[in-house]
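Me: I have a chain to go through with you. Please keep the answers short and show the reasoning.

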Amino acid sequence: MTALSNQAQLKQAARSQVRKRNRAAQVLEFIVFTLPLLIFLGILYGAVLWNFYVSMCNWVSTAANYTFTGFKWYVYEFNQARFWTDVANNLRWLILGVLPTATAAIFLSYLLELAPFPGV
């Protein structure tokens, strides 16, 4: 009877060790995949926020001038006729160039997925 209970205790201890190792592996995987993602997102959104802040400053040339001016440059830009021409050109490029190309690529990849290949 005691041999069976000792065997059951050993099995239970082995299962506990496996669970601990699995948990440690899960934590390690989480760190390995999440840490680089967080670093990337920090750099990406940090750069976006920095650019937004700098766009609200009074830079006239290449010399840094961090005097806060608010939306002064945005108002100036929106009042330029060339800005709206550039917006229209970008929308044309999107509609006539990027969207058809992406649509054709997705359609062709779908057809390739459906095509039977001999020997596969």
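Me: Where is the place of G46?
Reply: This is a predicted model. Helix α1 covers residues 2–55. The place of G46 is in helix α1.

Me: Is G46 buried, partly exposed or exposed?
Reply: Buried would need under 20% relative accessible area, and exposed over 50%. G46 has 36%. That value falls in between, so G46 is partly exposed.

Me: What distance separates the C-alpha atoms of G46 and E29?
Reply: Along the chain, G46 and E29 are 17 residues apart. In space, their C-alpha atoms are separated by 26 Å.

Me: Which elements have the lowest and the highest mean pLDDT?
Reply: The protein chain has a mean pLDDT of 86, and 93% of its residues reach 70 or more. Among its elements, the lowest mean is 83, for helix α1. The highest is 94, for α3.

Me: How far apart are the end C-alpha atoms of helix α3, and what span should its 34 residues give?
Reply: Helix α3 runs over residues 81–114. At 1.5 Å a residue, the helix should span 50 Å. The end C-alpha atoms agree with that, at 49 Å apart.

Me: Where is the kink in α3 centred?
Reply: The kink in α3 is about 35 degrees. Its centre is L94.

Me: How are the rings of Y53 and Y66 arranged, stacked or edge-to-face?
Reply: The whole structure holds nine aromatic pairs. For Y53 and Y66, the ring centres are 6.4 Å apart and the planes lie at 15 degrees. Planes under 30 degrees apart count as stacked. The pair of Y53 and Y66 is therefore stacked.

Me: Which parts of the chain does that pair link?
Reply: Y53 and Y66 are 13 residues apart, and the pair links distant parts of the chain. Y53 sits in helix α1. Y66 sits in the loop between α1 and α2.

Me: What relative accessible area do Y53 and Y66 have?
Reply: Both values fall between the 20% and 50% limits. Y53 is partly exposed at 34%. Y66 is partly exposed at 40%.

Me: What kind of aromatic pair do W73 and Y76 form?
Reply: Both residues lie in helix α2, three residues apart, about one turn of the helix. Their rings are 6.0 Å centre to centre, with 90 degrees between the planes. An angle over 60 counts as edge-to-face. So the pair of W73 and Y76 is edge-to-face.

Me: Which residues form one aromatic cluster?
Reply: The stacked pair of Y53 and Y66 belongs to it. The cluster is made up of W50, Y53, W59 and Y66.

Me: Is N58 buried or exposed?
Reply: N58 is found in the loop between α1 and α2. Leaving aside residues up to four places away in sequence, N58 touches N65, T67, T69, K72 and W73. Its relative accessibility is 18%, and the limit is under 20%, so N58 counts as buried.

Me: Which side chains meet in a salt bridge?
Reply: A search of the whole structure finds one salt bridge. Its N to O distance is 3.0 Å, and the cut-off is 4 Å. The partners are D86 and R82.

Me: What separates D86 and R82 in helix α3?
Reply: R82 is exposed at 54%, whereas D86 is partly exposed at 30%. The two are four residues apart in helix α3. Residues three or four places apart in an α-helix point the same way. The separation of D86 and R82 is about one helical turn.

Technical notes
Residues numbered from 1 in each chain as written. Predicted model: local features only at pLDDT ≥ 70, side-chain atom pairs only at ≥ 80, totals over all residues. Heavy atoms only, no water. Expected span 1.5 Å × (residues − 1). Bend = angle between axes of the 7 residues up to and from the residue. pLDDT = per-residue confidence, 0-100. Phe/Tyr/Trp six-rings, centres within 6.5 Å; stacked < 30°, edge-to-face > 60°. Buried < 20%, exposed > 50% of the residue type's maximum accessible area, 1.4 Å probe, protein only. Contact = heavy atoms within 4.5 Å.
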